[in-house]
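Trainee: I would like to work through this model step by step. Please let me ask about the overall layout before the details.

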Amino acid sequence: MNDFHVKAVKLKGEFLWHHHETEDELFLVVKGTFAHEVRGHEAVVREGEFVIVPHGVEHLPVADEEVHIVLLEPKGTLNTGNISNERTVSQLERI
């Protein structure tokens with residue numbers, strides 16, 4: 001949508017610490033609850049709530065139980081931001 005991706009994702013457990021150099025992200029919780037950690041601070045995001053992560057902010061999403069999230073982020077944003085590992089989903093894998 002207008003050079004943004006709207007992604008439906010499920011998360012359970014800890015993702016990984018990462019940041020995005022130029023992209024802001026919006027996490028909207030559709031079902032469940034997750035902890036959104038930034039260095040020195042944790043926010044609990046509940047069903048119907050959202051959090052916006054500004055670019056450059058290192059963050060860690062954590063869900064004790066499965067949570068359903070809608071992500072809104074610029075097209076081309078890597079899910080693992082500045083980290084490249086086995087959890088990184090490339091642009092080609094998304095199609």
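**Layout and side-chain pairs**

Mentor: The chain contains 1 helix and 6 strands. Keep in mind that this is a predicted model.

Trainee: In what order do the elements of the chain run from the N terminus on?

Mentor: The chain has 6 strands and 1 helix to place. Read from the N terminus, the order is β-β-β-β-β-β-α.

Trainee: What share of the residues in the chain is buried?

Mentor: A residue counts as buried when its relative accessible area is under 20%. The chain has 95 residues, and the buried share of them is 32%.

Trainee: How much of the area that the chain exposes do carbon and sulfur atoms supply?

Mentor: The area in question is what the chain exposes, about 6,000 Å². Of this, carbon and sulfur atoms supply 54%.

Trainee: Among contacts between residues at least 6 apart in sequence, what percentage joins residues at least 24 apart?

Mentor: A contact here needs heavy atoms within 4.5 Å. Take the contacts between residues at least 6 apart in sequence; the share that joins residues at least 24 apart is 71%.

Trainee: How many salt bridges does the structure hold, and which side chains meet at 2.3 Å, N to O?

Mentor: The structure holds 2 salt bridges. The one at 2.3 Å, N to O, is formed by the side chains of Glu73 and Lys7.

Trainee: How many residues apart are Glu73 and Lys7?

Mentor: Glu73 and Lys7 meet in a salt bridge. This pair links distant parts of the chain, with Glu73 in strand 6 and Lys7 in strand 1. Their separation is 66 residues.

Trainee: Is Lys7 buried or exposed?

Mentor: The cut-off for buried is under 20% relative accessible area. Lys7 has a relative accessible area of 16%, so Lys7 is buried.

Trainee: Why does Glu73 count as buried?

Mentor: Buried means under 20% relative accessible area. Glu73 is buried because its relative accessible area is 1%.

Trainee: Which residues does Glu73 touch, not counting those up to four places away in sequence?

Mentor: Lys7 is one of them, and the side chains of Glu73 and Lys7 also make a polar contact at 2.3 Å. The full list is Phe4, His5, Lys7, Asp24 and Glu25.

Trainee: Which side chain meets that of Glu58 in a salt bridge?

Mentor: This salt bridge spans 2.9 Å, N to O. Glu58 is in the loop between strand 5 and strand 6, and its partner, 19 residues apart, is in the loop between strand 3 and strand 4. The partner is Arg39.

Trainee: Is Arg39 buried or exposed?

Mentor: Its partner Glu58 is partly exposed, at 29% relative accessibility. A residue is exposed when the value is over 50%. Arg39 has a relative accessible area of 53%, so Arg39 is exposed.

Trainee: What is the distance between the C-alpha atoms of Asp64 and Gly13?

Mentor: Asp64 is in strand 6 and is exposed, at 70% relative accessibility. Along the chain, Asp64 and Gly13 are 51 residues apart. The distance between their C-alpha atoms is 5.6 Å.

Trainee: What is the phi of Asp3 near?

Mentor: Asp3 lies in the segment before strand 1 and is exposed, with a relative accessible area of 57%. Its phi is positive, in a residue other than glycine. The value is near 65°.

Technical notes: Residues numbered from 1 in each chain as written. Predicted model: local features only at pLDDT ≥ 70, side-chain atom pairs only at ≥ 80, totals over all residues. Heavy atoms only, no water. Helix = DSSP H or I, 4+ residues; strand = E, 2+ residues; numbered from the N terminus. Buried < 20%, exposed > 50% of the residue type's maximum accessible area, 1.4 Å probe, protein only. Areas by Shrake-Rupley, 256 points an atom, 1.4 Å probe, with all protein chains shown as cover. Salt bridge = Lys/Arg side-chain N within 4 Å of Asp/Glu carboxyl O. Polar contact = N/O pair within 3.5 Å; in protein donor to acceptor, adjacent residues only side chain to side chain.
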